[in-house]
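Work through the exercises below with the structure open. Each task is followed by a solution in steps.

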Amino acid sequence: MRTQPALDRPAQIALRLRHAMPVAPVELTHRSPWELLVATILSAQCTDQRVNQVTPTLFKRYRTPQVMAKATSTELEPLIRSTGFYKSKAKNLIGCAQVISEQFKGQVPDTMEELTSIPGVGRKTANVLLGAAFGKPGIVVDTHVRRVANRLGLTHSSHPEQIERDLQSVYPPTQWTKVSQRLLLHGRYICLARKPRCLVCPIYDVCEWEGKLPK
């Protein structure tokens, strides 16, 4: 009887996280690529929970990029003030809406090159859109993914683009979106920055982090 080959450590990590989190949703409430884009821009240096408190009113008032493209910072800033850095976020949102309206006929584009040409959209935001809105492979690297991937030895870099490349090298494109989202949620709820919850970690025995707490 032929035995199945043993999974390598990255594959074991992915499998364990999938068992622990069969569903790994983006926690930003949205109904369209446009709403996800706005919410992701607002989520910089802000919790998803706070963004989700702000966006219902925002989306009701600015239902499309074309409507937001005509907004002024004076109108927009009070609505997003609680998300922090609201002046720069308002500027980016208006600029983003104008570019989508004028260059992309009101439709959020679905390629990395086009997305990153939009004001306020870097690779992290673009990868969120590619994976969650368009079903295309995308590795999101935020502060949680950076921390967890380093602790697990999946990367040894602090630079998001290098971390993205390192994760791409150990996982097939079909897994990029879900693996990075599970790493993100694992960092958000289990592998915390200051007080990691090692006692309930589903990948404890395949974690080689020197700082993990003894069981």
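**Exercise 1.** Find the residue that follows helix α9 and give the sign of its phi.

Solution. In this predicted model, α9 is followed by G153. The phi of G153 is positive, near 75°.

**Exercise 2.** Describe the start of α9 and the packing of its buried residues.

Solution. Step 1: go to the start of the helix, where a side-chain oxygen of D142 comes to within 3.0 Å of the backbone nitrogen of H144. Step 2: list the buried residues of α9, which spans residues 143-151; they are H144, V145, R147, V148, A149 and R151. Step 3: look for their partners. These buried residues pack against α10 (160-170) and α11 (173-189).

**Exercise 3.** Which residues have the most contacts inside the largest nonpolar core, and which helix gives the most to this core?

Solution. Step 1: the largest nonpolar core has 66 residues, and L167 and L183 have the most contacts inside it. Step 2: helix α6 (residues 86-103) gives the most to this core, with eight residues. Step 3: take L167 and leave aside its neighbours within four places in sequence; its contacts are then I139, V145, A149, L154, W176 and L183. As a general rule, nonpolar side chains in soluble globular proteins tend to be buried together.

**Exercise 4.** Decide whether E35 is buried or exposed.

Solution. Step 1: locate E35 in helix α2 (residues 33-42). Step 2: its relative accessible area is 6%. Step 3: buried means under 20%, so E35 is buried. Step 4: not counting residues up to four places away in sequence, E35 touches H30 and F59.

Technical notes. Residues numbered from 1 in each chain as written. Predicted model: local features only at pLDDT ≥ 70, side-chain atom pairs only at ≥ 80, totals over all residues. Heavy atoms only, no water. Core = buried A, V, L, I, M, F, W, Y, C linked by side-chain atoms within 4.5 Å. Buried < 20%, exposed > 50% of the residue type's maximum accessible area, 1.4 Å probe, protein only. Helix = DSSP H or I, 4+ residues; strand = E, 2+ residues; numbered from the N terminus. Contact = heavy atoms within 4.5 Å. Polar contact = N/O pair within 3.5 Å; in protein donor to acceptor, adjacent residues only side chain to side chain.
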